[in-house]
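I opened my notebook to see how this chain packs. Here is what I looked up, entry by entry.

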Amino acid sequence: MEYPLQDFDIDQETDFLLGNPSNHGSDMETQTKSNRNPKRRRSLAAILCGCWCSLFRKCCGPRELKPRKIMLGSQTPGQFPANAIRNQKYNIITFLPLVLYQQFKFFLNLYFLIMAISQFVPDIRISYLYTYWIPLCFVLTVTICREAIDDLRRYKRDQEVNNQKCKRLLNDRNKPYEIVAAHKLRVGDLIIVDKDERVPADLVLLRTSESSGAVFVRTDQLDGETDWKLRLAVPTTQKLATDHQLFEISARIYAEKPQKDIHSFIGTFSRLDSLNSDESLDLENTLWTNCVIASGQALGVVIYTGPETRSVMNNSAPRSKVGLLDIEVNTITKLLFVAVMALALIMMALKGFGGPWYRYLFRFILLFSYIIPISLRVNLELGKSFYSWAIGKDPNMTGTAVRCTTIPEELGRISYLLSDKTGTLTQNSMVLKRLHLGTVSYAADSFEELSSTLKSTYLGSDTSTSNKTKFRRSENTRIRDAVQALALCHNVTPVYESNENSETDSGSIASEAEADQHLQADKQVVSYQASSPDEVALVQWTHEVGLALSRRDLSSMQLRGPDGRLYNYNILQIFPFTSETKRMGVIMKDLQTGEIVFYLKGADVVMSPIVQYTDWLDEEVGNMARDGLRTLVVARKLLTEEQYVDFESRYNAARLSVTDRVARVAQVVESLEREMELLCITGVEDKLQDNVRPTLELLRNAGIKIWMLTGDKLETATCIAKSSRLVSRTQSLHILKKVVTRTDAHLELNAFRRKQDCALVISGESLEVCLSYYQQEFMELATAAPAVVCCRCSPTQKAQVVQLIQKHTGKRTAAVGDGGNDVSMIQQADAGIGIEGREGKQASLAGDFSIPQFSHLANLLLVHGRRSYKRSASLAQFVIHRGLIISTMQAVFSSVFYLSSVALYQGFLTVGYATVYTMFPVFSLVLDQDVSAEIALTYPELYKELAKGRSLSYKTFFMWVLISIYQGGVIMYGALLLFEDEFIHIVAISFSSLILTELIMVALNIRTWHYLMILAELLSLVLYLLSLIVLHDYFDSEFIRTEDFIWKVLVITLVSCLPLYILKFLRKKFSPPSYSKLS
């Protein structure tokens, strides 16, 4: 043990080491007491610490997710979050600390805070307090106000969504329901959702307006899939006579704890007032937040709200984004700080480290602190606000809004654009564009001709077709058979809705009897619903050409012909579409003729071996695919009664088998799928958004690599990639096969590596495997590809892809999407761009920028992105030059005048230099532009240069440093050489030359003059001339009226600026920048 060093005499030292024997007993008692008390204190401290920790966890820690039991029709006990979405970055408590932290983590602001605080120390004060505090406070005020306004806007946008009106069911027969805001919904509430309404919370579906309990929903805002999804009500509650009976029964729902997986759900429904009434609940019985009811009405019970909903759990928390230009400016600031320290140390070395040298050192640091100008942050922050305002006011992008005003320059540095498909590139509206019958092809312009031919066929021919296969069928019969096949081979159901929007007073979910649907057809509007929008497009088309689907149930179908007659069919068997079989079939019996026909439609890959050989199938399918159409091959086979009975017996036996049931059923079905008669090929187009093709082409020519991340199927994604020209006509597509193991991934990546100029298509599952084993290799190959299509991507995967691109390339990324499933991707990207979709505003609200349509991207990136980056780069360098030139003059002055640590310009001149006299001309650089919007869009190749970051680089920075040193030296030495009498004359000559030099330098650097720039120059000049007259403390009023003053100022200014003008002229003449050649 070591004792502290103390001064002792001998007696004291002995007592200290051995202790005083007389006080030994009392010391022991004291020691015992002191040993006892710390234990109590420690236990008390532990209790207090534990209390604080538990309180902190409860208030600020992550919420514990628990399963729940919900009693139907009554309040659910327990604490659940409010049903509100929140895209805000701050709250009232965290706002100021977080904003200040974001500001002072920048070296520039932290440096000036230290400089400003140092002025409270009298020994090192070199100027008035306001010269440091006013600029710093101004920067912080502008930033705080801007962040407050941005967050207030986010709050208001969130309120719009949170205040969506919902129908909440009441236990009151006189008032069946009440209208409440979405944020007031609680777990256990029963709510009604009408057609085309957004589901406001996660529900278990209890009742629908269809007697079968089915309802179709659109989930593209959740998972990006275009197919409508079938959802089923709980059978027990669907059977109830009225909605009000939900309050009369005793039932309980068990729901698993909230989780991210949108494709699964585990729950049970239990009737407590009857025996054996437990029913399992799964995904089919749920409606997740942001789904949209496609038809009819749905009634459900709320099981998850707000942050516990699947939609919100798949979103990442909004982050504060920092632009690359801000990072570059921060790096340059650190270099400037090194220069300040080096200059101060050189001055001290020359002066000598005698006396209170540290005071002099700090004073020198303060004197040269103008090398790092506080006005740099002011100008850049104001510039960002101006760019954001200009984007919002652009008449070519009406409806565009800037949600985050801190990163407009990022739009000028984008190397990778990641786009959603559904609702972003496409309208999610399927239309049949082409029908090929082998001998003739029909397109949109000839469908009327086909319709008239079909009508004449139905009006004047026998319905029997049994003998026609023996002879070459006429074109008319081909048309009839093909259209009839399309009208029968599907899973589409017609839904009839009244033209008048009449609401029943009872508020109950009512359903029209399906058997009577056809009687109401004339009075009501028909719409079609199915799990596939492609099927809806085909049936819609048959309706338009004259053969309409009138009625459909589980066992029968009815068509209305062009002649107005009704044709009835029995559905004998249905073979649904699966991703494995890639085809869908149906066996129909025509009740008019007794014919039994097996219809089959599917992808050309699987249909080619099934149909009879034809020489045109592959060629025509290829032609349609090249045009971006989704192709289906349609075939049929006539069956005799005996053939069908034999098939049915084998089929039923296979379905009852205990072992290998799936394989046996498939084998029996495949026995029918032989030598089928090819009827037609259909080409369906998913309508693209306006001007998607030219926009993608512009962006590709601008050097931006485009990735499409979609939750949709591989075939759909591939078609859209071709039709939208995401993949150019000259490029091939490499579809990465499904990989499960490390070996599969290795082989597939090697296969892709051998391809040249080839776009990559990969599924979400394969992507997961590749990233887990070969992340580095995969990202190298993918980022080098001209385009990448990722299909079946979850929202989390989309964000992960963005993160990987940022990590592996270090380049700037932009993400664009329109749905709730795109929010994570948008928030992760360096520039998130949301599109206001038909189904919701979440992407638009979460984005840094909001645009009404995809085509506005060209203007946003190529025009406004370019201008924002170029202007900010020019502005930053000019402000740095302005600080460097005055610091050079200070260094010359101090070195000449005996290394004194005295400021060259005192008081107002110091503040006025960076504000009143030069602020307007320098800030007017935000109006400058190197090329017009038309040229930027006509020659998108100009954008490629911006990604290299040459507008603000070490090279340009050191060039401005040299210019500043030259000009500062010329002005200061010139003033010292030419002055004769008093020190005040040096100040007048040097300061006047300095102001004129700055104004001329701004004029020399402007590429496109704006009238406000001229006004700014003139205003600054007039203000300075007035200052010469008014500020008698700084200028000798008699001296400034003399010719000596004028010619000396003009000579110094000419020497400082003329060589630079000559150099600029020569450079423009012999090595002009690329944009000047176009201008």
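**Entry 1, helix pair.** Before reading any angle, I noted that axes are lines fitted to C-alpha atoms, and that angles run from 0 to 180 degrees between N-to-C directions. This is a predicted model, and I began with helix H31 (residues 983-1005) and helix H32 (residues 1011-1030). Their axes come within 11 Å and cross at roughly 175°. Angles over 145 degrees count as roughly antiparallel, and H31 and H32 are therefore roughly antiparallel to each other.

**Entry 2, who meets whom.** Next I listed the residues in this contact. H31 brings Ala 988, Phe 991, Ser 992, Ile 995, Leu 996, Leu 999, Val 1002 and Ala 1003, and H32 answers with Glu 1017, Ser 1020, Leu 1021, Tyr 1024 and Leu 1028. I sorted the residues of this contact into 10 nonpolar, 2 polar and 1 charged.

**Entry 3, cores.** Which residues touch the most other members of the largest nonpolar core? I found Leu 417, Phe 849, Phe 854, Leu 857 and Leu 860, in a core of 100 residues. Helix H25 (residues 856-896) gives the most to this core, with 13 residues. I then followed Leu 860: leaving out residues up to four places away in sequence, Leu 860 touches Ile 391, Met 397, Leu 411, Ile 833, Phe 849, Ile 851 and Gly 865. A second, separate core has 46 residues, among them Val 180, Ile 191, Val 234 and Ala 255.

**Entry 4, confidence.** The mean pLDDT of the protein chain is 84, and 88% of its residues reach 70 or more. Residues 1-36 have pLDDT below 50, with 9 contacts in the model beyond near neighbours in sequence. Where pLDDT is low, the predicted coordinates should not be read in detail.

Technical notes: Residues are numbered from 1 along each chain as its sequence is written. This is a predicted model: local features need pLDDT of at least 70, side-chain atom pairs count only at pLDDT 80 or more; totals for chains, interfaces and linings use all residues. Side-chain values use heavy atoms; hydrogens and water are left out. pLDDT is the predictor's confidence in each residue, from 0 to 100. Contact means heavy atoms within 4.5 Å. Helices (H or I, at least four residues) and strands (E, at least two) are DSSP runs, numbered from the N terminus. Angles under 35 degrees count as roughly parallel, over 145 as roughly antiparallel, 65 to 115 as roughly perpendicular and the rest as oblique. Ala, Val, Leu, Ile, Met, Phe, Trp, Tyr, Cys and Pro count as nonpolar, Asp, Glu, Lys and Arg as charged, and the others, Gly among them, as polar. A nonpolar core is a set of buried Ala, Val, Leu, Ile, Met, Phe, Trp, Tyr and Cys residues joined through side-chain atoms within 4.5 Å. Buried means under 20% relative accessible area, exposed over 50%, partly exposed in between (1.4 Å probe, protein chains only).
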